[in-house]
Amino acid sequence: MGLGKTLQVITVLLATKIESGPGVSLIVGPASLIYNWEEELHRFTPELRTLVIAGTVAERQNLLENYQDYDVLVTSYDLLKRDIASYDGLDFHYEVIDEAQYIKNPGTAAAKAVKLIHAKTRYALTGTPIENRLSELWSIFDYLMPGFLYRYEDFRQTFEQPVVNGDEKAGEQLRRMVAPFILRRLKKDVLKDLPDKLEEVRYVQMGKEQQRLYDAEVLRMKRDLSKQTDEDFRKGKQQILAAITRIRQICCDPSLCCEGYKGESAKREAVMDLIHTLIDEGYRALLFSQFISMLALIREELVREKIPFFEITGATPKEERTRLVREFNENPETAVFLISLKAGGTGLNLTGADVVIHYDPWWNTSAEDQATDRAHRIGQKRVVTVYKMIVRSSIEDKILEMQAMKRDLADQILSGDALSSSNITREDLMQILSG
């Protein structure tokens, strides 16, 4: 994350053209990143003829008919799965999938589509090869080297289940198998001159009205969980997730889920105080939240207080994302960038910021780490400070504890450390609700 994967691939593409002559390569990534790739290719290797396969169905068909006139094609997972029939008979030198965790579920149309492309060599780029389960690693290798890690049923029996149950021998065997095919770049090894990253948890305390709403919602969920059988728990995951989301929203700002709420919002007030302090001291911040509705509330505060800002959510057009990123990096007058975690947590180079604010936490730290590395990456000249806004004695406190327990699955396989399960149980939920 932020260690130069894009630049490495661009270098390989240029070297291949110089050394081997004509040949077309295909880059597949999330829709939000295809124009980032186009811009980076034009910036670093203008001699590579690059074509983005996008537009209407007819436009995409016309572009593919002349694909051999280019060195690099760039398209999205979503468009590739729609157009896969048109790629039949097309031959590529390299196929590169970016943010390869997008194919972590081998049953999806996107995962099936990238495996149907005819290419001499395949690459997978990801900062998070394992977010939660070893099956995600299997799916990526099924794209890279089909059959190398056996059929999934055999992989599950030979590696996944033993590893989850603490079999270190199985984990070490898996690590030895995959290690020769993984170039793992760590910041401490690669970026000797990258400035430090400082992390600070900013705790806030709810006021009486917000605390009353929070306690009532937690009590209701604990009561419901205590009445459930194991079978009820397995079948009711969606209802449980909705209840947890409501509790988290109360921590963020009760008005997210309580219509007509007029009381205080401890965290929103705290983050606005932090933003004012940062601006006064000359810092520039990226503020991430998983809740677009929360970003909207903060946007209202920034407008009211006449603080310039940019914003990226899932509704932001791809071309607009590129423009906003460029303008933020070049325009120091804008001190705040609001970004939804899902839409902007990957693929953005925002080294114009030196502060990252995570408004709300989630179980798996991969998304947070990727978001942080929008600023803490190659090109950053200043120390990056990361603030995590946490409501004290709440579910958010417990999420921090669970992050520490759950974050090591990738390291355990890639580095050979001891292994543990990453599944969240009913007992886990009861524990975090007891904050």
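**Exercise 1. Find how helix H13 passes helix H14, and describe their contact.**

*Solution.* Start with the handedness: H13 passes H14 in a right-handed crossing. This is a predicted model, so every value here is computed from predicted coordinates.

Next, look at the geometry. The axes of H13 (residues 266-280) and H14 (residues 292-304) come within 11 Å and cross at roughly 50°. The two helices are therefore oblique to each other.

Now pick out the side chains. H13 brings Arg268, Val271, Met272 and Ile275 to the contact, while H14 brings Met294, Leu297, Ile298, Glu301 and Leu302. Sorted by class, these are seven nonpolar, no polar and two charged residues.

**Exercise 2. Work out at what angle the axes of H1 and H2 cross, and which residues make the contact.**

*Solution.* Take the axes to begin with: those of H1 (residues 5-20) and H2 come within 11 Å and cross at roughly 55°. An angle from 35 to 65 degrees counts as oblique, so H1 is oblique to H2. The crossing of H1 past H2 is right-handed.

Then list the partners. On H1 they are Thr6, Leu7, Val9, Ile10 and Leu13; on H2 they are Trp37, Glu40, Leu41 and Phe44. This contact divides into seven nonpolar residues, one polar and one charged.

**Exercise 3. Give the strand order of the open sheet of five strands, and place H2 against the sheet.**

*Solution.* Reading across, the order is E2-E3-E1-E4-E5, with parallel pairing. Strands E2 (50-52) and E5 (118-124) stand at the edges; each has a single partner strand, so one side of each is left without a neighbour in the sheet. From one strand to the next, the twist averages 20°.

Zoom in on one pairing. E1 (residues 25-29) and E3 (residues 72-76) pair in the parallel sense over five bridges. Within this pair, serine 25 stands opposite valine 72 in E3.

Finally, add the helix: H2 (residues 34-44) lies across E1, E2 and E3, and runs at about 160° to E3.

**Exercise 4. Classify the aromatic pair of tyrosine 77 and tyrosine 102, and locate both residues.**

*Solution.* For context, the structure holds 13 aromatic pairs. In this one, the rings are 5.4 Å apart centre to centre, with 5° between the planes. Planes under 30 degrees apart count as stacked, and the pair is stacked.

To locate the residues, follow the chain. Tyrosine 77 is in helix H4 (residues 77-83), and tyrosine 102 is in the loop between strand E4 (91-97) and helix H5 (109-114). The two are 25 residues apart, and the pair links distant parts of the chain.

Notes
Residues numbered from 1 in each chain as written. Predicted model: local features only at pLDDT ≥ 70, side-chain atom pairs only at ≥ 80, totals over all residues. Heavy atoms only, no water. Pairing = 2+ DSSP bridges. Helix = DSSP H or I, 4+ residues; strand = E, 2+ residues; numbered from the N terminus. Axes fitted to C-alpha atoms, helices over the stretch in contact; angles between N-to-C directions. Contact = heavy atoms within 4.5 Å. Parallel < 35°, antiparallel > 145°, perpendicular 65-115°, else oblique. Left-handed = near helix turned anticlockwise from the far one by under 90°. Nonpolar A, V, L, I, M, F, W, Y, C, P; charged D, E, K, R; others polar. Phe/Tyr/Trp six-rings, centres within 6.5 Å; stacked < 30°, edge-to-face > 60°.
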